[in-house]
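Biologist: I'd like a close look at a single part of this protein, with its surroundings. Could you pick one helix and walk me through what sits around it?

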Amino acid sequence: MASIRFLGAAGTVTGSRFLVEAAGRQVLVDVGLFQGMKEYRLRNWAPFPVPPGSIDAVVLTHAHIDHSGALPLLVRGGFRAEAWCTPATADLARIMLPDSARLQEEEARFANDKGYSRHAPEAKPLYEGIDAVAALERLRPLRYGKPREIVPGVTLCFGRAGHILGSGWALLTVAAGSGDPVRVLFSGDLGRYGVPILPDPEPPPEADFLVVESTYGDRSHPPESPAVALEREILAAVARGGTVLIPAFAVGRTQEVLFLIRKLEQEGRIPTLPVFVDSPMATDVTPVYRAHREDHDTEMDALLDRGVEPLSPARLSFTRSVDQSKGINHVHGPCIILSASGMATGGRILHHLERRLPEPSTTVLLVGYQAAGTRGWKLQNGAPTLRMHGKDIPVRARVVTLPGFSAHGDRDEMARWLDGLSQPPKRTFCVHGEPVALAAHAERIAARGWQVHVPAHLETADLG
Ligand SMILES: [Zn+2]
């Protein structure tokens, strides 16, 4: 008898954690942090529902922190087994988990300095750098399409999910007593079809049970291609003689925008402009994106074969030190600055916004999701001023949202992926979505005549 427990990303988008139990073994698929509203973030502090030391293996579908960020916490709690992921996910985790630990430590320090925490002056970080280092020692890379028995009776196989570099769907084949093995397929986060750099999501293998993400279960992406929108806005910005400022996630979005700028330049559709990537994490991640050829689509592959650097516009520079970053303040005339964080909640983008927002010649391009209440969201919604470093900065810049960029497939792209299954699973579980998106996605799947369920937080379901 096998079962699955939904320990996270059930009824919400973050904290992906799914525990498969069979024949006395426990395999945890994803071990993400809860993010966003306090109600969810508090779950990060709750004792893990099973003793971490009793878990026989972890599987990571990709390196995003809402899927991998609680691995250091698990290790701190006594997990000593192996954490399986693709080679690119392992390389990204080596950058992202220590960074996550640094943020946790900063948050605790901030709470103590300001006396914000109930526990001040002794607020503790969720985990520390030393835990992230211990977590990295647990990582075991497994290539796409290479099934492997990760614990006795449980075989894992990854396929490409096209969401970020290294992202995969994961098929677990679980021996369940005397009957046939049970095949449980986890979609992970599914990417879009036809985007730069990454291949399309690979069709799913046959499965008895399916756990599928639902982020955009209720929405379709706009039809205009991001490249066309980017070309139009860069040309308009050049005509205004000003800077293009792009708050962008360091992992994935920055590389996608670099790819498109390089392509537009080489096709002669935009002039070559100075391009600055001002984010230490994006600076570290970009070579990882270039290096993992098993994660590239045919266009990326062909460019590299021809000796073209696909992620390098002609006048690209990466800035690492604070002095280099501040040096960009003295650049006048048209240029493009990509900086994190993607929602302007922190990071170096803030000093660029502070410097450039008061100038009417500046264009701010919003190329990612902007969560309610963030500075990015305020800009998107026409705020006349933006508060940064204790000052209200007037917004005289032009602010444009480019909605075509997304790392997640929309409802039609998810349906296309599901079409790859020739047999309906016995049961499909919709996870990783806000309640409205989950309900809409489940309804569309039910319309196929499939058995579908939206599990609640901590619910257990039989896989038999
Ligand atoms: Zn993700």
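Modeller: Here is a walk around helix 7, moving outward from the helix to its strands, a nearby loop and the domains. Keep in mind that this is a predicted model.

Let's start with the helix itself. Helix 7 covers residues 253-266, and at 1.5 Å a residue its 14 residues should span 20 Å; the end C-alpha atoms are 20 Å apart, so the expected and modelled spans agree. Is it enclosed or open to the outside? Twelve of the 14 residues are buried, so helix 7 is largely enclosed by the rest of the structure. Reading along, the buried ones are Arg253, Thr254, Gln255, Glu256, Val257, Leu258, Phe259, Leu260, Ile261, Arg262, Lys263 and Leu264. You'll notice that the list includes Arg253, Glu256, Arg262 and Lys263. Just past the end of the helix, Gly268 takes a positive phi of about 70 degrees.

What do those buried residues pack against? On the helical side there are helix 6 (226-240) and helix 8 (280-291). Three strands also take part: strand 12 (243-247), strand 13 (275-278) and strand 15 (335-339).

Those strands are worth a look of their own. Strand 15 is mostly covered, with four of its five residues buried. Strand 15 runs parallel to strand 12, and five bridges join the two. Strand 13 is also parallel to strand 15, this time through four bridges. If you click on Ser339 in strand 15, you'll find Pro247 standing opposite, and Asp278 also stands opposite Ser339. As a general point for reading such strands, side chains in a regular strand alternate between the two faces of the sheet.

Ser339 also leads to a loop residue. Arg348 sits in the loop between strand 15 and helix 11 (349-356). Is Arg348 buried or exposed? A residue needs 20 or more other C-beta atoms within 10 Å to be called buried, and Arg348 has 21 such neighbours, so it counts as buried. Leaving aside neighbours within four places in sequence, Arg348 is in contact with Asp278, Ser279, Ser325 and Ser339. Both residues of the Asp278 and Ser339 pair are therefore on the contact list of Arg348, which counts as buried with its 21 C-beta neighbours inside 10 Å. Pro247 comes back here too: its C-alpha atom is 9.4 Å from that of Arg348, although the two are 101 residues apart along the chain.

Now zoom out to the domains. The domain assignment splits the protein into domain 1 (2-219 + 409-463) and domain 2 (226-401). Their C-alpha centres lie 29 Å apart. Where they meet, 17 residues of domain 1 are in contact with 18 residues of domain 2. On the domain 1 side, the touching residues divide into twelve nonpolar, two polar and three charged.

Finally, there is the core. The largest nonpolar core has 131 residues, and Val20, Val184 and Ile246 touch the most other members. Both domain 1 and domain 2 give residues to this core, so it lies between them. Take Val20 as an example: apart from neighbours within four places in sequence, its contacts are Ala2, Ile4, Val27, Val29, Leu172, Val174 and Val184. Val184, then, is a contact of Val20 as well as being named with it among the residues that touch the most other core members.

Definitions and conventions: Residues numbered from 1 in each chain as written. Predicted model: local features only at pLDDT ≥ 70, side-chain atom pairs only at ≥ 80, totals over all residues. Core = buried A, V, L, I, M, F, W, Y, C linked by C-beta atoms within 7 Å. Domains from an automatic or database assignment. Contact = placed C-beta atoms within 7 Å. Nonpolar A, V, L, I, M, F, W, Y, C, P; charged D, E, K, R; others polar. Expected span 1.5 Å × (residues − 1). Pairing = 2+ DSSP bridges.
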